[in-house]
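Reader: I'm new to reading protein models and keep tripping over the vocabulary. Could we go through one together?

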Amino acid sequence: MTHKLSALPLARHAMLGLLLAHACALAGATEFAGRGVFAFPSASGCPLAALTGNAEQCNRLALDHAETRATLDQAEQLIHFHNTRQYAKKTVVGDVLLQGSGLSEDGKRVPLGFHLVLSKSGDKWSTSQHTHAPVKGNFSAVQIDPYQVDVTEADGKRVVLVAEKITETLTQPSLATRLASDLVQVRDNRAKDARDADITIAVGAGKLSKSVMRARLHSDPVNGGNVDSLLTQGSWAFELEALTGKIPDAVAQRELFLFGLSGQPMLKPLLVRGFKKHEKLSVGAVNGKGYLRFGDQQQDFPGADAVARAFLQQSFIGLVLGWQQLDGGAHAR
C-alpha cells in the first residue's frame with residue numbers, strides 16, 4: 001500500500017496519518033512514499049499533550065525526496081528506508097522522531113525526543129542523532145518506543161539504528177553530543193511572574209556565543225484557565241524572530257517543510273533566500289480563527305493549529321517554549 005501525500009495540506013496529512021496508523025495496525029506494516037511528513041502513534045506518550053491536545057499522534061517520519069520510501073511496522077517496531085538515488089553531495093533524505101520522557105537530574109519527569117536524521121552521499125547512507133529536551137543534563141528512567149531502523153543498500157539491508165541505542169543516546173550522551181549541547185544556549189527572557197514563554201537561542205561558548213533566534217509563545221487559555229483545547233478554541237500565537245541574517249538557508253527551508261509551511265506563497269522569500277536579520281514569522285489564532293504573518297503581511301490560515309501542534313512537539317525550540325508556557329501557567333494558577 002503506497003501513499004503520496006506531498007500535495008496535501010498539513011491538516012489533511014494529520015487526518016490521513018490517523019487512517020494510515022489504523023491501517024498499519026490491521027495490516028502489520030504501512031509504506032509511505034513521496035515527499036511529505038507523516039505522524040504515527042507514540043506508545044510512550046506525547047510531549048505537551050495538555051497544551052496541544054495531541055495525546056498519541058506525535059512520532060514522525062519525514063521523507064524529504066520523492067525517491068525516498070519508508071515502511072513502518074508498529075507491531076515489530078521496525079522502520080525501513082529505501083532510496084536508490086545517488087547524490088552529488090551529502091543530502092538529508094529523511095528522518096525519524098520518536099517521543100517519550102525521562103527523569104531530569106532534579107527528579108522531574110520531562111518530555112524527551114530522539115531525532116534520527118538520514119542522509120546520502122553518492123549511494124552511501126549516513127546518520128546522525130540527537131536529543132530534544134526542554135532542560136539540560138542527563139536523564140534516567142527513560143520511556144520511549146524502541147524502534148529499529150534499517151536501509152536498503154546494494155548488497156541488502158543494513159541496520160543503522162538498534163533500539164538500545166535510543167535509550168543510550170538519551171541517558172549516556174557521547175562526548176561530541178555533550179559538547180554540541182553545550183554550544184547551544186537557551187536564555188529565558190521572561191520578567192518575574194510572567195506567564196508567556198520568551199527565549200533566545202544562542203550558539204557558541206560563553207561570551208563568544210551569538211544570538212540567532214528569539215522565540216515567543218503567547219496564549220489566553222479557555223475554559224477558565226485550563227489549557228486543554230487551546231489550539232482549537234483559544235487565542236494564541238508563536239513568533240520566531242531571526243537575530244542574524246546568517247541562519248543557513250537549508251535550515252529555514254527544511255523547517256518550513258517539516259511544519260507544513262513550505263506551500264504558503266507568502267513564505268516564498270524564506271524558501272528562496274532564508275531569513276533576513278529581524279524578520280519575523282508568526283502563526284496564531286484569535287478565538288480559534290487561525291492566521292499566518294510574515295513581516296508586514298498577514299493572511300487567514302485555517303491550518304494554524306496543526307502547524308503549532310507540530311512545531312511545539314517536534315522542534316527543539318517549540319518544545320522549550322511549550323514547557324516554559326506550561327510552567328508559567330502553573331505558577332500563574
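Author: Sure, here is a chat about the terms as they apply to this chain. Keep in mind that this is a predicted model.

Reader: How do you know how far to trust the prediction?

Author: Look at pLDDT, the predictor's confidence on a scale from 0 to 100. The chain has a mean of 86, and 85% of its residues reach 70 or more. Among the elements, strand β6 (residues 78-82) has the highest mean, 98, and strand β1 (residues 2-4) has the lowest, 40.

Reader: Which stretch with pLDDT below 50 has 14 contacts beyond near neighbours in sequence?

Author: That's residues 20-26. Residues 223-227 also stay under 50, and there the model has 10 contacts beyond four places in sequence. Where pLDDT is low, the coordinates shouldn't be read in detail.

Reader: What makes the pair arginine 69 and glutamate 31 a salt bridge?

Author: The cut-off is a side-chain nitrogen of Lys or Arg within 4 Å of a carboxyl oxygen of Asp or Glu. Here the closest N and O atoms are 2.7 Å apart, so arginine 69 and glutamate 31 pass. Arginine 69 is in strand β5 (residues 69-73) and glutamate 31 in strand β2 (residues 30-33), so the bridge ties together parts 38 residues apart in sequence. The structure holds 15 salt bridges.

Reader: Are arginine 60 and aspartate 95 buried or exposed, and how do you know?

Author: Buried means under 20% relative accessible area. Arginine 60 comes to 1%, so it counts as buried. Aspartate 95 has 0%, so aspartate 95 is buried too. These two form a salt bridge with their closest N and O atoms 2.7 Å apart. Arginine 60 lies in strand β4 (residues 59-63) and aspartate 95 in strand β7 (residues 87-103), so the pair links parts 35 residues apart in sequence.

Reader: Why is arginine 69 called partly exposed?

Author: Exposed means over 50% and buried under 20%, with partly exposed in between. Arginine 69 has 33%, so it falls in that middle range. Its partner glutamate 31, with 22%, is partly exposed as well.

Reader: What about glutamate 168 and lysine 165: how many residues apart are they?

Author: They are three residues apart in helix α3 (residues 163-171), which means a separation of about one helical turn. Their side chains meet in a salt bridge at 3.5 Å, N to O. Glutamate 168 is partly exposed at 36%, and so is lysine 165 at 31%.

Reader: What makes Asp198, Arg214, Arg216, Glu239 and Glu241 one network?

Author: Salt bridges that share partners join them.

Reader: Why is a group of residues called a nonpolar core?

Author: Its members are buried residues of certain nonpolar kinds, joined through side-chain atoms within 4.5 Å. The largest such core here has 43 residues, and Phe238, Leu261, Leu281, Val283 and Ile317 have the most contacts inside it. Several elements give two or more residues to this core, including β16 (235-242) and α9 (316-332). The largest share, six residues, comes from α8. Another core, of 30 residues, lies apart from it and has Phe38 and Leu170 among its members. In soluble globular proteins, nonpolar side chains tend to be buried together.

Reader: Which residues does leucine 261 touch?

Author: Leaving out residues up to four places away in sequence, leucine 261 touches Leu256, Leu267, Leu281, Val283, Leu292, Phe301 and Val307.

Terms used. Residues numbered from 1 in each chain as written. Predicted model: local features only at pLDDT ≥ 70, side-chain atom pairs only at ≥ 80, totals over all residues. Heavy atoms only, no water. Helix = DSSP H or I, 4+ residues; strand = E, 2+ residues; numbered from the N terminus. Buried < 20%, exposed > 50% of the residue type's maximum accessible area, 1.4 Å probe, protein only. Contact = heavy atoms within 4.5 Å.
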